[in-house]
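Trainee: Could you take me through one part of this model closely, with attention to how its charged side chains are placed?

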Amino acid sequence: MSTPTDEQDQGVWLTQEAHDRLKAELDRLVAGRPAMSAEINARREEGDLKENGGYHAAKDEQGKQEARIRQLTDLLRKARVGAAPTTATNAALGTVITIKFAGDDDTEKFLLGSREIAGTTDLAVYSPESALGSAIMGAAPGASVTYKAPNGRDITVEVVAVEPFVP
């Protein structure tokens, strides 16, 4: 069984710590816009723009910063901030999932949530939009699901356990 994983439907779950860290990064990037503009203007004054490596490097950096600002703004706008679920019976945002790949006795444990939360946990973090994440959304322990890996192979996993995330 699968539930929608579109971030507009589900939102992005973040701990308060992750939200605060991302908000601080966004504030720092926005505050740095005037300095970046000044850097570009200074490089523009150096002469011929066709052969001005410093100018092009500053413009590239500005583009990267603006892309990150847009990404963070969108992410924080959609974020559901708060504690992880306190109980978990099915795979959902903010739960820790233990899976076992078909034909393998080893298990893998990961947090199902935004990759932006990775800085707050030692667990691997899988996005619900990833191939594996979308396949297991809503799955209960004991369920087997098959998903298509990026290389085109079908991979079957068994959900061994679902538990609440404890930061």
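Mentor: Let us begin with helix 4 (residues 53–78), which holds both Lys78 and Asp74, two residues that stand 4 residues apart, about one turn of the helix. Please keep in mind that this is a predicted model. The side chains of Lys78 and Asp74 meet in a salt bridge, with 3.1 Å from N to O, and this pair belongs to a network of salt bridges that links Asp74, Arg77 and Lys78. The two partners differ in their exposure class: Lys78 has a relative accessible area of 19% and is therefore buried, given that the class ends under 20%, whereas Asp74, at 28%, counts as partly exposed.

For context, the structure holds 9 salt bridges, and two others make useful companions to the helical pair. Glu163 and Lys109 meet through their side chains in a salt bridge of 3.6 Å, N to O, and this pair links distant parts of the chain, since Glu163 lies in strand 7 (residues 154–164) and Lys109 in strand 4, 54 residues apart. Here Glu163 is partly exposed at 30% relative accessible area, and Lys109 is likewise partly exposed, at 40%. Between the side chains of Lys148 and Asp154 there is a further salt bridge, at 3.2 Å from N to O, and in that case both residues are exposed. As general background to these pairs, side chains of opposite charge can pair when their charged atoms come close.

Terms used:
Residues are numbered from 1 along each chain as its sequence is written. This is a predicted model: local features need pLDDT of at least 70, side-chain atom pairs count only at pLDDT 80 or more; totals for chains, interfaces and linings use all residues. Side-chain values use heavy atoms; hydrogens and water are left out. A salt bridge is a side-chain nitrogen of Lys or Arg within 4 Å of a carboxyl oxygen of Asp or Glu. Buried means under 20% relative accessible area, exposed over 50%, partly exposed in between (1.4 Å probe, protein chains only).
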